[in-house]
Amino acid sequence: MKIVQNTGGIAQTNSYLIADESTGLAVIFDAPNSTVKPLLDEAKKNGWDVIGLWLTHGHFDHIADHAEVIAAFPQAKVLIHRLDEPMLRRPISSFFSLPFTIQPRAADAFLDDGQELQIGSLRVNVIHTPGHAPGHVMFYFPDKKILIGGDLIIMGAIGRTDLPGSDARQINPSIRRVLQLPLDTTLLPGHGEASTLSDEIAGNPYVRQAMLGR
């Protein structure tokens, strides 16, 4: 398993390339603006076939460069939860005018809670974690204890719940659900640095509050 990260775009969003080196298959997770090209170049350099762009949710800073991924790997499938596909079909920012245009498109297929996906020999479980966005999902690699986390838990904080489609009532139950995973799981968030679930329990006051059921 090989993980390559790049961070960029106007919201300093993380994008990840995860490859199964034994089969040469790979997936891009999230596509911030002006960020995915180094990951695509790395895939081509290593001869990896990018089979998908799997989106944690539909906010503009996570989907902006979807067209660049598909231009480089036309057979790659764009996956998103059905509740967030409207943002992929009509990609805008609710706060300010974007200095770039995001091409609208439909999903190739939908992600569902409990779904098991494969990247070659790598198993990936989909966990629906609404709150920050209605269709927010996380991707868990159970054999590696790695979690692609999107914007549920980020930078010692949690994702915003004051955005259109967000629901503050849902985010704490989503956090509690994720904390049922092994606490030594590595969390690769949508923004900021990697941590572990145990690190977040120890140092993230929002996670601690969620654990108390508030």
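In the predicted model, helix α1 is followed by G47, a residue whose phi is positive, near 75 degrees. Within the helix itself, which spans residues 37-46, the buried positions include L39, L40 and A43. Because these three residues cover an arc of only 100 degrees around the axis, they are placed on the same side of α1. The buried residues of α1 pack against four strands, namely β1 (2-8), β2 (13-20), β3 (25-29) and β4 (49-54), and also against helix α3 (66-72).

The packing around α1 can be set beside the composition of the largest nonpolar core, which has 23 residues and in which L17, I28, V50, L53, L55, V69 and L88 touch the most other members. At least two residues of this core are supplied by each of β2, β3, α1, β4, α3 and β5 (77-81), and the greatest contribution is that of α1, with 3 residues. Apart from this core lies another, of 18 residues, among them L111, L117, L122 and F139. In soluble globular proteins, nonpolar side chains tend to be buried together. The surroundings of L53 illustrate the contacts made by one of the core residues: when its neighbours within four places in sequence are left aside, L53 is in contact with I28, D30, A31, H66, V69, K77, V78 and L79.

A further enclosed element is strand β10 (residues 146-150), of which 5 of the 5 residues are buried, so that the strand is largely enclosed by the rest of the structure. In a regular strand the side chains alternate between the two faces of the sheet. Both faces of β10 are covered, since I146, I148 and G150 on one side are buried, as are L147 and G149 on the other. Strand β9 (residues 137-141) is joined to β10 by 3 bridges, and the two strands run antiparallel; in this pairing, Y140 stands opposite L147 of β10. The hairpin formed by β9 and β10 has 4 residues between the strands, and K145 in this hairpin takes a positive phi near 55 degrees. Strand β10 is also joined by 4 bridges to strand β13 (residues 186-189), with which it runs parallel, and here I146 stands opposite T186 of β13.

Preceding β9, the chain passes through strand β8 (residues 122-128), in which H128 lies, and then through the loop between β8 and β9, where P134 is found. These two residues differ in their exposure: H128 is buried, with a relative accessible area of 18%, whereas P134, at 23% relative accessibility, counts as partly exposed. The side chain of H128 reaches the backbone oxygen of P134 at 2.7 Å. Not counting residues up to four places away in sequence, H128 touches H81, L83, D113, P134, G135, H136, V137 and R177. With its neighbours within four places in sequence likewise left aside, P134 is in contact with L83, D84, H128 and G165. The last of these contacts brings together positions that are 31 residues apart along the chain, the C-alpha atoms of P134 and G165 being separated by 6.0 Å.

Notes: Residues numbered from 1 in each chain as written. Predicted model: local features only at pLDDT ≥ 70, side-chain atom pairs only at ≥ 80, totals over all residues. Heavy atoms only, no water. Buried < 20%, exposed > 50% of the residue type's maximum accessible area, 1.4 Å probe, protein only. Arc of directions from axis to C-beta. Contact = heavy atoms within 4.5 Å. Polar contact = N/O pair within 3.5 Å; in protein donor to acceptor, adjacent residues only side chain to side chain. Pairing = 2+ DSSP bridges. Core = buried A, V, L, I, M, F, W, Y, C linked by side-chain atoms within 4.5 Å.
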